[in-house]
Every structure is written in structure tokens, then in C-alpha cells.
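Here is a friendly briefing to read with the model open beside you. Take the topics in any order that suits your bench work.

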Amino acid sequence: MAGISPALVAAREADAAAASAVKALQAAGQLEEARERYAELVARHQRRASRIGYHYLRDAAEADEAVQDAFVKAYQHLASFREELPFDVWFTRILINGCLDRIKARTRRERWLVPMPESPHGQRDFTERVAGTGPSPEDQLLGRERRQKLAAALARLPERQRSVFMLSHYEGCTSREVSALTGLNESTVRVHLFRAIRRLRTLLADDAASIGVGGERRRVTS
């Protein structure tokens, strides 16, 4: 495909060869050899996967868990991998979907949690301790809520729109690079990105409109 660098072509050819070999070894029941060969794919994609996981989760430990879960899931479902799709694109979709699932689960948990002072000396010491140049607990909470709302809205996008948006805004990829990653032509990438942004704005506006007086969520009827 035009626009793909020779280095990327070579990397994807190596990925395809490794994935095919792992699938063959799995089918033959040679699982130890399959895991050893799969380690090549893990080593090549570990750093990029960690970066993507952290972009989504903003927590290094949870991002590491999400990455490891994604590699395990990819290994278990490698039989469904189609060689005409680049492994990095296929794996990235698995990772992103796993991160979004974690964000939704985290949102449900945090909905019931109220930040409490850590100091045993009471609220006064806590207030004095957090006062300063850093963000206040209220600002931190609002920032987390905004990220959670954006993540929830992203989860409601169609898969292609979500992938294009994340690669463009979180990975910093150009339209040409997103095209190379997804197999879509550049004009289609731009259309998906435009529609993703428009849909996100609508979802976030609807979410804000559904908050009633006192922070209670009103029922929105169509």
C-alpha cells in the first residue's frame, strides 16, 4: 500500500510470519513452542501497547495489566486472526476494547466511592496539606469525571470511528499513518474522524443535558 514505509512493511511481514507460525504450532498441539514464538510478537509490540494502555487508563499498573490481558487474549484467539489484516491493527483493537471495559468497570466502582481525608488529625490538617499550587481534590475529581465521560462516549462509537479517533488524538497519527494502520484510504479516515468528533460532541452534550438540578440525572426521552 502506498504511504507505508519499508520498515513498517518489513515489520508487518515479520508479524505475519510469526503469527502464522504460532497458529500452526497451536494447531499441532506444540504449545510450548507456540508460546516461545509468540514471545517474539510480544517483544515487538510491548512498548507501543504500554503507551496506548496508559493513554487510556492513566494508571501505569492498570495499563500493564490491560496490556498483559490483551496479549493473552490475542494468543488465545489467534486462530481467528486473518493474515490480510496487520497484526498490530488486530491486536490494538483488542487492547483498546479491553481498556474501555476497564474504564467502564472503574466508573461503576468509583461512583460509590467518596474521597476521604488521609490524615488522622482531621479535616483541617487535610485541607491545609492539599492547599498549594497543585490541583485541589475537587479539580482532580472533576478531571477524572471528564475523562470517564469521554471514555464512556468513546465506547459508544462504532468500532472504526473509535479506532480512527484514538489513533489520531491519542497516538498522534496523521491521516496517512492511520490509513496505513487500518487499511482505510485517507479520505475515509478523515470522514470517520469527522463523524467521531461530531458524535462525541453530541453524546457529551446529551450527557450534560441529562444532569438535573442538584446533580441528579434526569430521564431523557426521545
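In this predicted model, the structure contains 6 aromatic pairs. One of them joins phenylalanine 87 to tryptophan 90 in a tilted arrangement, with 5.9 Å from centre to centre and 50° between the planes. The points below start from that pair and then move on to the fold, the helix packing and a few individual residues.

**Aromatic residues**

- Phenylalanine 87 and tryptophan 90 both belong to helix 4 (residues 87–110), and because they are 3 residues apart there, about one helical turn separates them.
- Are these two residues buried or exposed? Both phenylalanine 87 and tryptophan 90 are buried.
- The pair also belongs to a wider group, since one aromatic cluster is formed by Phe71, Phe81, Phe87, Trp90 and Phe91.

**Overall fold**

- The protein has 9 helices and 0 strands, and its pattern along the sequence reads α-α-α-α-α-α-α-α-α.
- The protein has 222 residues, of which 36% count as buried.
- Among contacts in the protein with a separation of 6 or more, 61% are between residues 24 or more positions apart.

**Helix 1 against helix 2**

- Helix 1 (residues 6–27) packs with helix 2 (residues 31–57) at an angle of about 160°, and their axes are 8 Å apart.
- An angle over 145° counts as roughly antiparallel, so helix 1 and helix 2 are roughly antiparallel to each other.
- The two helices, helix 1 and helix 2, make a left-handed crossing.
- On the helix 1 side, the contact includes Ala14, Ala17, Ala18, Ala21, Val22 and Leu25. On the helix 2 side, the residues include Leu31, Arg37, Tyr38, Leu41 and His45.
- Sorted by class, the contact of helix 1 with helix 2 has 11 nonpolar, 2 polar and 5 charged residues.

**Helix 2 against helix 3**

- Helix 2 also meets helix 3 (residues 60–76): their axes come within 8 Å and cross at roughly 140°.
- Which hand does this crossing have? Helix 2 passes helix 3 in a right-handed crossing.
- The contact of helix 2 with helix 3 is made up of 15 nonpolar, 5 polar and 3 charged residues.

**Threonine 92**

- Threonine 92 is part of helix 4.
- Its relative accessibility is 6%, so threonine 92 counts as buried.
- Setting aside residues up to four places away in sequence, threonine 92 touches Arg48 and Ile52.

**Histidine 192**

- Histidine 192 sits in helix 9 (residues 186–209).
- Why does histidine 192 count as buried? Histidine 192 counts as buried because its relative accessibility is 13%, and buried means under 20%.
- Apart from neighbours within four places in sequence, histidine 192 is in contact with Arg160, Gln161, Val164 and Leu184.
- Serine 163 is 29 residues from histidine 192 in sequence, and their C-alpha atoms are 9.2 Å apart in space.

**Helix 8 and the residue after it**

- Helix 8 (residues 175–182) has buried residues at Val178, Ser179, Ala180, Leu181 and Thr182.
- Glycine 183, just after helix 8, takes a positive phi of about 85°.

Technical notes
Residues are numbered from 1 along each chain as its sequence is written. This is a predicted model: local features need pLDDT of at least 70, side-chain atom pairs count only at pLDDT 80 or more; totals for chains, interfaces and linings use all residues. Side-chain values use heavy atoms; hydrogens and water are left out. Helices (H or I, at least four residues) and strands (E, at least two) are DSSP runs, numbered from the N terminus. Buried means under 20% relative accessible area, exposed over 50%, partly exposed in between (1.4 Å probe, protein chains only). Contact means heavy atoms within 4.5 Å. Rings of Phe, Tyr and Trp (its six-membered ring) pair if their centres lie within 6.5 Å; planes under 30 degrees apart count as stacked, over 60 as edge-to-face and the rest as tilted. Axes are lines fitted to C-alpha atoms, for helices over the stretch in contact, and angles run from 0 to 180 degrees between N-to-C directions. Angles under 35 degrees count as roughly parallel, over 145 as roughly antiparallel, 65 to 115 as roughly perpendicular and the rest as oblique. A crossing is left-handed if the near helix is turned anticlockwise from the far one by less than a right angle, and right-handed if clockwise. Ala, Val, Leu, Ile, Met, Phe, Trp, Tyr, Cys and Pro count as nonpolar, Asp, Glu, Lys and Arg as charged, and the others, Gly among them, as polar.
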